Amino acid sequence: MSTNELAIDKKLSDFPAQLSPMVVKELRQGMRTHLFTIAFILLQTMMIFCLLLGLAPTSSNGSTEFFWFLIILTLLFIQPLRGFSALSQEYQLNTMDLIQLTRLDAWRITLGKWFALNAQGLLFAVGVLPYVVMRYFLSQVDIIAELGLIGVVMLGSLVGTAITIGCSVFRNVILRGCIMIGVFIGAWASVAAISFSNLTGSRGPSAALLTMVAVACLYSTFFFLSFGAARISPLAENHATRMRIGSLLFCALLTLFFFWDLKMSVFVVSFIVMAFACIDAFTAPEPIYDAVMPSFLRVPGSRLVAWFLAPGPVTAFGFFVVGMSLCAGQYLLCDRIHGTVNLDLVEKIVHLFSLANAVALPTLTTSLIFRKPISFTLQFVFYASTQGVLLIISLLSHALIGVANDHKELIYSIA
């Protein structure tokens with residue numbers, strides 16, 4: 001080989017050349033920011049301070065609580081918030097069109113930003129490991145349990161970063177913040193509902209429950225990254241079919257957990273997943289049908305699945321019916337196997353239709369008010385506002401049910 005060929009081969013075998021260009025770009029820019037440098041230095045300083053506190057008697061200091069507070073603050077709050085403007089910043093700097101001129105599609109752009117941010121989060125986690133080992137020798141802590149907790153925190157960081165990157169597609173800062181607050185409140189409510197439905201006395205969470213939560217976190221990462229990619233991609237690209245198939249397969253996979261004693265947890269997770277998938281289907285921008293529909297006409301029998309898997313608001317209602325039917329089957333199956341829902345048939349039907357109505361009614365209201373297609377941002381804002389009004393009405397209805405328990409059917413009908 002000549003000298004020029006050797007030089008070219010050396011450049012191609014360089015470490016950055018083996019990674020995605022978006023990952024290399026985001027890693028180099030992210031690690032040069034003041035936020036990353038200051039956060040890393042402060043974390044190391046505070047870790048040393050916690051280590052010194054651990055030398056004192058354990059009964060007179062809170063070094064363990066302070067230690068985990070710093071880790072959770074860094075990995076679950078500071079690190080995900082760095083993706084708050086990951087996609088919108090490209091529009092503000094007028095660089096999104098330039099990036100899309102390359103061979104990178106919308107999914108690789110979003111995935112590259114997520115991978116780069118979590119690679120920096122991994123540096124934070126690795127920087128903490130020496131202090132975990134020193135705490136084992138100085139304070140006699142359970143090093144296996146602490147390493148497991150760090151893994152759980154890192155898993156939460158993966159999901160949190162995906163949520164912020166997916167929501168960063170909205171250019172309005174206030175809208176972006178409100179959506180992320182709503183998503184995190186919904187995630188917290190989901191964890192609370194799962195914990196409440198799995199109260200088992202003094203026992204801790206089962207292995208099946210932890211497995212289900214871990215799988216749900218991985219799916220949430222995929223969903224929110226796909227949500228962001230679908231909003232920045234050209235209208236000729238089809239991201240909706242992949243997201244809808246993923247949500248249906250995930251909910252079908254959750255049905256396997258009915259063989260363990262998980263009570264209502266499977267139904268709660270499935271309904272939340274399907275609700276987010278239906279919201280995405282209802283509020284997604286209308287695609288260019290001439291570009292995406294021919295793929296559904298090539299395979300025999302694909303016209304039938306196109307009614308609920310093809311992108312667009314028309315097929316979103318078909319997907320809504322299929323997804324909610326799957327959740328309804330899980331609801332009835334849970335009742336038959338575990339007997340955890342002691343309701344009569346009328347109350348079961350009212351509950352199922354009420355949950356489905358809470359997801360679909362804002363979209364029906366939007367269709368009645370706006371006869372012409374509107375931007376996905378305005379549609380999402382109107383959907384969230386209508387959902388908030390419905391939440392207030394539901395809380396008032398719940399209060400009325402508590403007061404007038406004798407007329408429960410009438411109040412359910414009004415709600």
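# Exercises on a predicted helical model

Lys113 has a relative accessible area of 3% and is therefore buried. The structure under study is a predicted model, and the exercises below start from this residue.

## Exercise 1. The surroundings of Lys113

Task: Determine in which element Lys113 lies, and which residues Lys113 touches, leaving aside those up to four places away in sequence.

Solution.
- Step 1. Locate the residue: Lys113 lies in helix 7, which spans residues 106-139.
- Step 2. Assign its exposure: a residue counts as buried under 20% relative accessible area, and Lys113, at 3%, is therefore buried.
- Step 3. List the contacts: with residues up to four places away in sequence not counted, Lys113 touches Met22, Lys25, Glu26, Ala86, Leu87, Glu90 and Ile165.

## Exercise 2. The second largest pocket

Task: Describe the volume of the second largest pocket, the residues closest to its centre and the classes of residue in its lining.

Solution.
- Step 1. Take the volume: the second largest pocket holds about 380 Å³ of space.
- Step 2. Identify the central residues: 17 residues form the lining, and Glu26, Gln29, Gly30, Thr33 and Gln89 are the closest to the centre of this pocket.
- Step 3. Assign the lining to elements: at least two residues each come from helix 2 (21-30), helix 5 and helix 7.
- Step 4. Sort by class: 5 residues of the lining are nonpolar, 7 are polar and 5 are charged.
- Step 5. Link to Exercise 1: Glu26, listed among the residues closest to the centre of the pocket, is also one of the residues that Lys113 touches.

## Exercise 3. The backbone at Asn94

Task: State where Asn94 lies, and what is notable about its phi.

Solution.
- Step 1. Place the residue: Asn94 belongs to the loop that joins helix 5 (88-92) and helix 6 (96-100).
- Step 2. Recall the general expectation: most residues other than glycine have a negative phi.
- Step 3. Compare: the phi of Asn94 is near 60°, a positive value in a residue other than glycine.
- Step 4. Add the exposure: over 50% relative accessible area counts as exposed, so Asn94, at 66%, is exposed.

## Exercise 4. Two enclosed spaces

Task: How many cavities of 30 Å³ or more does a search of the whole structure find, and which helix gives the most to the lining of the second largest cavity?

Solution.
- Step 1. Count: the search finds 2 cavities of that size.
- Step 2. Describe the largest cavity: its volume is about 170 Å³. It has 17 lining residues, and those nearest its centre are Ala230, Glu237, Ala240, Ala284 and Pro285.
- Step 3. Assign its lining: helix 10 (207-232) and helix 11 (240-254) each contribute at least two residues, and helix 11 has the largest share, with 3 residues. By class, the lining of the largest cavity has 9 nonpolar, 4 polar and 4 charged residues.
- Step 4. Describe the second largest cavity: it has a volume of about 40 Å³ and is lined by Ala240, Met243, Arg244, Ser247, Ala277, Asp280, Ala281 and Phe319. Helix 11 and helix 12 (265-283) are the elements that give two or more residues to this lining.
- Step 5. Answer the second part: helix 11 gives the most to the second largest cavity, with 4 residues. By class, 5 residues of this lining are nonpolar, 1 is polar and 2 are charged.
- Step 6. Connect the two linings: Ala240 is among the residues nearest the centre of the largest cavity and also lines the second largest cavity.

## Exercise 5. The cysteines

Task: Explain why Cys278 is not bonded to the closest cysteine sulfur.

Solution.
- Step 1. Find the partner: the closest cysteine sulfur to that of Cys278 is in Cys327, 7.9 Å away.
- Step 2. Apply the cut-off: a disulfide requires sulfur atoms within 2.5 Å, so the separation of 7.9 Å is too far for a bond.
- Step 3. Check the whole structure: the search finds 0 disulfides.
- Step 4. Note the exposure: Cys278 is buried at 0% relative accessible area, and Cys217 also counts as buried, at 19%.

## Exercise 6. The chain as a whole

Task: Characterise the secondary structure, burial and contacts of the protein chain.

Solution.
- Step 1. Secondary structure: the chain has 19 helices and 0 strands.
- Step 2. Burial: 41% of its 415 residues count as buried.
- Step 3. Contacts: among those with a separation of 6 or more, 76% join residues 24 or more positions apart.
- Step 4. An example of distance in sequence: Val173, in helix 9 (residues 173-196), is 88 residues from Ser85 in sequence, with a C-alpha to C-alpha distance of 8.5 Å.
- Step 5. Surface: the chain exposes about 22,900 Å², of which carbon and sulfur atoms supply 71%.

Definitions and conventions:
Residues numbered from 1 in each chain as written. Predicted model: local features only at pLDDT ≥ 70, side-chain atom pairs only at ≥ 80, totals over all residues. Heavy atoms only, no water. Buried < 20%, exposed > 50% of the residue type's maximum accessible area, 1.4 Å probe, protein only. 1 Å grid on protein atoms, 1.4 Å probe; cavity = no way out; pocket = protein on both sides within 12 Å on 5 of 7 lines; lining within 4 Å. Points joined across faces, edges and corners; volume = space filled by probe spheres on them. Nonpolar A, V, L, I, M, F, W, Y, C, P; charged D, E, K, R; others polar. Contact = heavy atoms within 4.5 Å. Areas by Shrake-Rupley, 256 points an atom, 1.4 Å probe, with all protein chains shown as cover.
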